[in-house]
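Student: I am new to this structure and would be grateful for a close look at a single part of it. Please take one helix together with whatever surrounds it, and explain it in a connected way.

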Amino acid sequence: MRPSSLGIATLALSVVGFTCGCGSGAPASPNATQVVARIDGHELTISQLNQALLAMHAPDTGPAAQQQALSGLIDEELMVQAAQKAKLDRDRDVMTSMDAGSREILVQAYAEQHIYPSEPIDDSELHRFYDANPALFSERNIYHAVVFNVEQGPLSGELQAEIDKARSVDAVRAILSDKKIVFQTEEITRAAEAIPLSLLPKLAAAGTGDSVIAKSESGRTQLFLLTGLENSPLSFDQVSSEIGQFLTRQRNKAALKIYLQQLRAASKIEYANVNTPGTSAPSQ
């Protein structure tokens, strides 16, 4: 959480010491408890300042960044004290937020320390992902298209074949109108990474004037008529960091899923209300 955040959850967590790590009862080193400021008798420590600097993601930790972080901590402490005076730390909704926030922090910390793999993604794996997705990287395009949002489900094969022969927006519009099909159009410009992965290979294989049909999230049909392509490749060096982050998230997600399956298998879970959706039968 950023020091400047003044939401109820941040205030609540600060009250109980989760934001800054104070009052937890855990032993602290002398350096960690070195006082950097006092606000109406309450001490802010170097440990809190270091946490604030981390939360800022500052490019450096020089005097300017330290002053900004300390200023944010002071503002936060002033608001925490104001919230305490208003007895918000006893408010039921705030207490619920405090509990939810502390649980989230605890779960995240456990996952990072005990579930997620700690070793970095191997460089060869980064290269494999780059090479396996040319439409995203080495052959990346920026796509210009007119999208026909058709107010019905899948189009017939005969209609699709007729649309495939149409090479212009006006021709496609005329076909749909002649078939009494309701539709809306919009012009879009999208880079490859902004295209759904399920649709990208079809667009990457198409050329200007080609039509690509896809199903929208609502289950209706979307028809993309490409009106232009701009080749804009990205080198491995440009995207290796982003690829590493993506693969790390994917790996962490898979590790968490396996771990939760193991926990559920080893635990006795009883549902108090069998009428709750998804809990028609108790799970043992």
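Tutor: The buried residues of helix α7 are Val169, Val172, Ile175 and Leu176. This is a reading of a predicted model. Around the helix axis these four cover an arc of only 130 degrees, and therefore they lie on the same side of α7. The other side of the helix has a contrasting character: Asp170 and Asp178 are exposed there. The terms have fixed limits here, since a residue is called buried under 20% relative accessible area and exposed over 50%.

What, then, covers the buried residues of α7? The cover includes the strands β3, β4, β5 and β6, together with helix α6, which spans residues 157-165. The helix itself, residues 169-178, lies across β3, β4, β5 and β6 and runs at about 20 degrees to β3. Just after α7, lysine 180 takes a positive phi of about 60 degrees.

The strands beneath this helix deserve attention in their own right. An open sheet of four strands is formed in the order β4-β3-β6-β5, and the pairing is antiparallel. Its edge strands are β4 (183-191) and β5 (211-215), each of which pairs on one side only. On average, and with direction ignored, neighbouring strands of the sheet are turned by 25 degrees against each other. Between strand β3, residues 141-150, and strand β6, residues 221-231, there are 10 bridges, and these two strands run antiparallel. Within this pairing, phenylalanine 148 stands opposite leucine 223 in β6.

For context, two further places in the model may be considered. One is the contact between helices α2 (residues 46-56) and α3 (residues 63-85), whose axes come within 9 Å and cross at roughly 105 degrees. Because of this angle, α2 is roughly perpendicular to α3. On the α2 side the contact is made by Gln48, Leu49, Ala52, Leu53 and Met56, and on the α3 side by Ala65, Gln66, Gln68, Ala69, Leu70 and Leu73. Sorted by class, the contact of α2 with α3 has eight nonpolar residues, three polar ones and no charged residues.

The other place is asparagine 252, which is located in helix α9, residues 236-266. Asparagine 252 has a relative accessible area of 14%, and so it is buried. Leaving aside residues up to four places away in sequence, asparagine 252 touches Tyr116 and Pro117.

To return to the helix requested, Val169, Val172, Ile175 and Leu176 are the buried residues of α7, while Asp170 and Asp178 are exposed on the other side.

Key
Residues are numbered from 1 along each chain as its sequence is written. This is a predicted model: local features need pLDDT of at least 70, side-chain atom pairs count only at pLDDT 80 or more; totals for chains, interfaces and linings use all residues. Side-chain values use heavy atoms; hydrogens and water are left out. Axes are lines fitted to C-alpha atoms, for helices over the stretch in contact, and angles run from 0 to 180 degrees between N-to-C directions. Angles under 35 degrees count as roughly parallel, over 145 as roughly antiparallel, 65 to 115 as roughly perpendicular and the rest as oblique. Contact means heavy atoms within 4.5 Å. Ala, Val, Leu, Ile, Met, Phe, Trp, Tyr, Cys and Pro count as nonpolar, Asp, Glu, Lys and Arg as charged, and the others, Gly among them, as polar. Two strands pair if DSSP finds at least two bridges between them. Buried means under 20% relative accessible area, exposed over 50%, partly exposed in between (1.4 Å probe, protein chains only). The arc is that of the directions from the helix axis to the C-beta atoms.
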